[in-house]
Amino acid sequence: MNEVTVIGLGPMGTALAEALLRGGHRVTVWNRTSEKAQPLVREGALLAPSAAAAIEASPVAIVCVANYETSYRILDTPETASALAGRVLVQLSTGSPQQARDNEAWARERGADYLDGAIAATPPQMGRPDTTIFTSGSQTAYQKSEAFLKSLAGNVPYLGEKVSSASSTDLAFLSYLFGGMIGFFHAARILESDGLRVDDFGNMIAAISPAIGEMVRHEGK
């Protein structure tokens, strides 16, 4: 099984599709604005004419859009929902633990095997060995999508069948991460008040905590 579909071609969805193509997979893509797919088509992706056709093209469909509400607007039509039966749906859109539970129930009602995921990275980090995607939900869905997920991130922990686990773990991680960033900015003000170099301190923090260092570099661009 080497065929996978990516629905949603914003910055993150595009990065996912690019990483899957680099991994040697046969990638079908769909986006509400088809022009966004053209660079991927030139790289070898197949552009489906509709979301339903995109899902039908592969046994595993990865959805990465702005939020779960947008995902429902795309998937919750008679044609598209019926295409999900017997396929794996991997949801990588931003959402809450309760939305993960609701989406799992929705997918099961339509015959799909459901995996919820949370990407703990920025688009430029996709495909790297140190990138993390938390996953939870159906174990068979994880097993069927594992090869694709590991083309996207070197660290893909499966947190069990409790579908909300990935979202809760991601929220806990972000709480730690942004708390650390706030602490860093406070620390920078302390150093500046004494005429010390903030960049030297930033390099030290990046060496100790690569996640915070990567986030600070990304936010500074």
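**Warm-up**

Is A207 buried or exposed? The model here is a predicted one, so let's work from its computed values.

*Solution.* Start by placing the residue: A207 sits in helix α9, residues 198–208. Next, look at its relative accessibility, which is 64%. The cut-off for exposed is over 50%, so A207 counts as exposed. For a sense of where that is, pick A48: A207 and A48 are 159 residues apart in sequence, and their C-alpha atoms are 44 Å apart in space.

**Exercise 1: A loop residue**

Find where P49 lies and work out whether P49 is buried or exposed.

*Solution.* Step one: P49 belongs to the loop between β3 and α3, and α3 covers 51–56. Step two: P49 has a relative accessibility of 75%, so P49 counts as exposed. Step three, try a distance: P49 and K150 are 101 residues apart along the chain, with 27 Å between their C-alpha atoms.

**Exercise 2: Laying out the sheet**

Write down the strand order of the sheet, then say which strands stand at the edges.

*Solution.* The sheet is open, has seven strands and mixed pairing, and its order reads β3-β2-β1-β4-β5-β6-β7. Now check the two ends of that order: β3 (46–47) and β7 (133–137) each have a single partner strand, so one side of each has no neighbour in the sheet.

Then zoom in on β4, β5 and β6. Strand β4 (residues 60–63) runs parallel to β5, and four bridges join them. Strand β5 (residues 88–91) also pairs with β6 in the parallel sense, again over four bridges. You can follow individual partners too: V88 is bridged to D113 in β6, V90 stands opposite L115, and Q91 has D116 as its bridge partner. On the β4 side, V63 is the bridge partner of Q91.

**Exercise 3: Two faces of a strand**

Sort the residues of β6 by the way they point, then decide whether the strand is enclosed or open.

*Solution.* Begin with a general idea: side chains in a regular strand alternate between the two faces of the sheet. In β6, D113, L115, G117 and I119 point one way, while Y114, D116 and A118 point the other way. Now check burial: seven of the seven residues of β6 (residues 113–119) are buried, so the strand is largely enclosed by the rest of the structure. One element to look at is helix α8 (residues 165–193), which lies across β6 and β7 and runs at about 150 degrees to β7.

Try β5 the same way. V88 and V90 are on one side, L89 and Q91 on the other, and all are buried, so both faces of β5 are covered.

**Exercise 4: A chain of polar contacts**

Trace the side-chain polar contacts that involve Q91.

*Solution.* Q91 is in strand β5 and is buried, with a relative accessible area of 0%. One partner is S71, whose side chain makes a polar contact of 2.9 Å with that of Q91. S71 comes from helix α4, residues 68–75, and counts as buried at 1% relative accessibility. Another partner is N103, with a side-chain polar contact of 3.2 Å to Q91.

Now widen the view, skipping neighbours within four places in sequence. S71 is in contact with V63, V65 and Q91. The contacts of Q91 include V63, Y68, Y114 and L115.

**Exercise 5: Apart in sequence**

Find the C-alpha distance between A100 and V163, and list what A100 touches.

*Solution.* A100 lies in helix α6, residues 97–109, and is buried at 0% relative accessible area. Along the chain, A100 and V163 are 63 residues apart, but their C-alpha atoms are separated by 6.3 Å. Leaving out residues up to four places away in sequence, A100 touches Y68, Y114, D116, V163 and S164.

**Exercise 6: Two helices crossing**

Work out how α1 and α7 are oriented, and which residues meet.

*Solution.* The axes of α1 (residues 11–22) and α7 (residues 139–152) come within 8 Å and cross at roughly 105 degrees. Angles of 65 to 115 degrees count as roughly perpendicular, so that is how α1 and α7 stand to each other. At the meeting point, L16, A19 and L20 in α1 face F148, S151 and L152 in α7. Sorted by class, this contact has five nonpolar residues, one polar and no charged ones.

Definitions and conventions: Residues are numbered from 1 along each chain as its sequence is written. This is a predicted model: local features need pLDDT of at least 70, side-chain atom pairs count only at pLDDT 80 or more; totals for chains, interfaces and linings use all residues. Side-chain values use heavy atoms; hydrogens and water are left out. Axes are lines fitted to C-alpha atoms, for helices over the stretch in contact, and angles run from 0 to 180 degrees between N-to-C directions. Angles under 35 degrees count as roughly parallel, over 145 as roughly antiparallel, 65 to 115 as roughly perpendicular and the rest as oblique. Contact means heavy atoms within 4.5 Å. Ala, Val, Leu, Ile, Met, Phe, Trp, Tyr, Cys and Pro count as nonpolar, Asp, Glu, Lys and Arg as charged, and the others, Gly among them, as polar. Buried means under 20% relative accessible area, exposed over 50%, partly exposed in between (1.4 Å probe, protein chains only). A polar contact is a pair of N or O atoms within 3.5 Å; within protein, one must be able to donate a hydrogen and the other to accept it, and residues adjacent in sequence count only if both atoms are side-chain atoms. Two strands pair if DSSP finds at least two bridges between them.
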